[in-house]
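Biologist: I should like to learn how to read the helices and contacts of a protein model. Could we proceed one feature at a time?

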Amino acid sequence: MRKRPSKGSKGSSESEHAMSLTDRLSDDLKVAMKARDQLRMDAIRMVKAALLNKEIELKKDLDEAEMSRVLLTLVKQRKEAAEQYKIGKREELADKELKELAIIEAYLPKALSQEEIVQIIESAIQEAGPVTMKDMGKVMKAITAKLAGQAVDGKQLSDLVRARLQPVP
């Protein structure tokens, strides 16, 4: 049994938010069960199982950033599976994956806009000083630290950093 921080304890807002996400998942699962919405039930159970597995793996309660990473992993898996099903001409399975994807994305924090991401990239590059393509790893590390817990596509982020660091011919 997990202990919930009492209102007077030093429980951080992150753990309270994390608990609210698990509470929200449980409440939504109950609603889906009452509505006999099998797809929503399956997707929510899958999310809860993934979060529980990660908690067991790390041997501690997950904070907001860790929960977001687990959800982002599930989103990425659904996108890749849908693409593979479309390639294999299995549209009904691709549609199922895309519907699950939409359900999972509802639990992610609001995604940053392109402009916000570019601003974070610029500030990280300025903090790092003069950088070249060789320093991309250092810049990416600084950016991912700033974006911890945010819903950001790693490939998109990498492409933006690479475009920024490319020398202009």
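Modeller: Let us begin with contact, which here means heavy atoms within 4.5 Å. The model before us is predicted.

Biologist: With that meaning in mind, which residues is Glu66 in contact with, leaving aside its neighbours within four places in sequence?

Modeller: Once those neighbours are set aside, Glu66 touches Leu58, Lys60 and Asp61. Glu66 itself is found in helix α3.

Biologist: Is Glu66 buried or exposed?

Modeller: A residue is called buried when its relative accessible area is under 20%. Glu66 has 12% relative accessibility and therefore counts as buried. For the protein as a whole, 31% of the 169 residues count as buried.

Biologist: How many helices and strands are there in the protein?

Modeller: The protein has 7 helices and 0 strands. Along the sequence this gives the pattern α-α-α-α-α-α-α.

Biologist: How should I read the packing of two helices, and at what angle do the axes of α2 and α3 cross?

Modeller: One fits an axis to each helix and takes the angle between the N-to-C directions. The axes of α2 (residues 38-58) and α3 (residues 64-87) come within 10 Å and cross at roughly 130 degrees. The two helices are therefore oblique to each other, and α2 passes α3 in a right-handed crossing.

Biologist: Which residues of α2 and α3 meet?

Modeller: From α2 the participants are Met46, Val47, Ala50, Leu51, Lys54 and Leu58, and from α3 they are Glu66, Met67, Val70, Leu71, Leu74 and Arg78. The contact of Glu66 with Leu58 thus belongs to a pairing in which both residues are listed.

Biologist: Let us turn to a single helix. What span does α7 reach from its first C-alpha to its last?

Modeller: Helix α7 (residues 154-165) has 12 residues and reaches 16 Å, close to the 16 Å expected at 1.5 Å a residue.

Biologist: Which residues of α7 are buried?

Modeller: They are Leu157, Ser158, Leu160, Val161 and Leu165. Seen down the axis of α7, these buried residues fall within an arc of 160 degrees, so they line one face of the helix. The face turned away from that buried side carries the exposed residues Lys155 and Ala163.

Biologist: What covers the buried residues of α7?

Modeller: The cover includes α5 (114-128) and α6 (136-146).

Biologist: Finally, what share of contacts joins residues at least 24 apart in sequence?

Modeller: Among contacts between residues at least 6 apart in sequence, that share is 57%.

Technical notes:
Residues are numbered from 1 along each chain as its sequence is written. This is a predicted model: local features need pLDDT of at least 70, side-chain atom pairs count only at pLDDT 80 or more; totals for chains, interfaces and linings use all residues. Side-chain values use heavy atoms; hydrogens and water are left out. Helices (H or I, at least four residues) and strands (E, at least two) are DSSP runs, numbered from the N terminus. The expected span of a helix is 1.5 Å times one less than its number of residues. Buried means under 20% relative accessible area, exposed over 50%, partly exposed in between (1.4 Å probe, protein chains only). The arc is that of the directions from the helix axis to the C-beta atoms. Axes are lines fitted to C-alpha atoms, for helices over the stretch in contact, and angles run from 0 to 180 degrees between N-to-C directions. Angles under 35 degrees count as roughly parallel, over 145 as roughly antiparallel, 65 to 115 as roughly perpendicular and the rest as oblique. A crossing is left-handed if the near helix is turned anticlockwise from the far one by less than a right angle, and right-handed if clockwise.
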